[in-house]
Amino acid sequence: MQLGTRWPVGSDVPERLGAAMREAIAGVEADVAHLDTSAWRWTLTWLESRPVAELDDGTVVRQHADGTVSVEEAAS
């Protein structure tokens with residue numbers, strides 16, 4: 001695993017992420033827009049050279065080996 005970066009919700013997503021990851025992250029942010037996310041951050045790591053972005057609430061956006069992207073929502 002390789003640590004990438006952290007960024008606040010609503011800020012620019014790292015440019016090195018592909019369109020599918022960026023779209024999924026934007027979708028998650030739209031889903032939590034009604035909450036106070038001012039202190040929330042994304043953490044980007046790389047697992048087997050594929051990006052994994054985890055939101056402070058536990059939501060995970062992951063790119064798989066076949067290029068698909070999944071969103072694992074945080075447990076309520």
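**Exercise 1. Place Thr68 in the fold and say whether Thr68 is buried, partly exposed or exposed.**

Step 1. Start with the backbone: Thr68 sits in the loop that runs between strand 4 (60-63) and strand 5 (69-72). Strands here are DSSP runs of E with at least two residues, helices are runs of H or I with at least four, and both are numbered from the N terminus. This is a predicted model, where local features need pLDDT of at least 70, side-chain atom pairs count only at pLDDT 80 or more, and totals for chains, interfaces and linings use all residues. Residues are numbered from 1 along each chain as its sequence is written, and side-chain values use heavy atoms, with hydrogens and water left out.

Step 2. Now the surface: Thr68 counts as partly exposed because its relative accessible area is 41%. The cut-offs are under 20% for buried and over 50% for exposed, with partly exposed in between (1.4 Å probe, protein chains only).

Step 3. Look for partners. The side chains of Thr68 and Asp66 share a polar contact of 2.7 Å. (That term takes a pair of N or O atoms within 3.5 Å; within protein, one must be able to donate a hydrogen and the other to accept it, and residues adjacent in sequence count only if both atoms are side-chain atoms.) Setting aside neighbours within four places in sequence, Thr68 is in contact (heavy atoms within 4.5 Å) with Arg62 and Gln63.

**Exercise 2. Do the same for Thr59: which loop holds Thr59, and what does Thr59 touch?**

Step 1. Thr59 lies in the loop between strand 3 (50-55) and strand 4.

Step 2. With a relative accessible area of 5%, Thr59 is buried.

Step 3. Its side chain makes a polar contact of 2.9 Å with that of Asp57. Not counting residues up to four places away in sequence, Thr59 touches Val28, Trp42, Ala53, Glu54, Val71, Glu72, Glu73 and Ala74.

**Exercise 3. Describe the largest pocket: how much space lies in it, and which element gives the most to its lining?**

Step 1. A pocket is an open set of points on a 1 Å grid over the protein atoms alone, where a 1.4 Å probe fits, with protein on both sides within 12 Å along at least five of seven lines; lining residues have an atom within 4 Å of a point. The largest one holds about 170 Å³, taken as the space filled by probe spheres set on the points, which are joined across faces, edges and corners.

Step 2. Helix 1 (residues 19-31) gives the most to the lining, with four residues. Thr59 and Asp57 are among the lining residues too.
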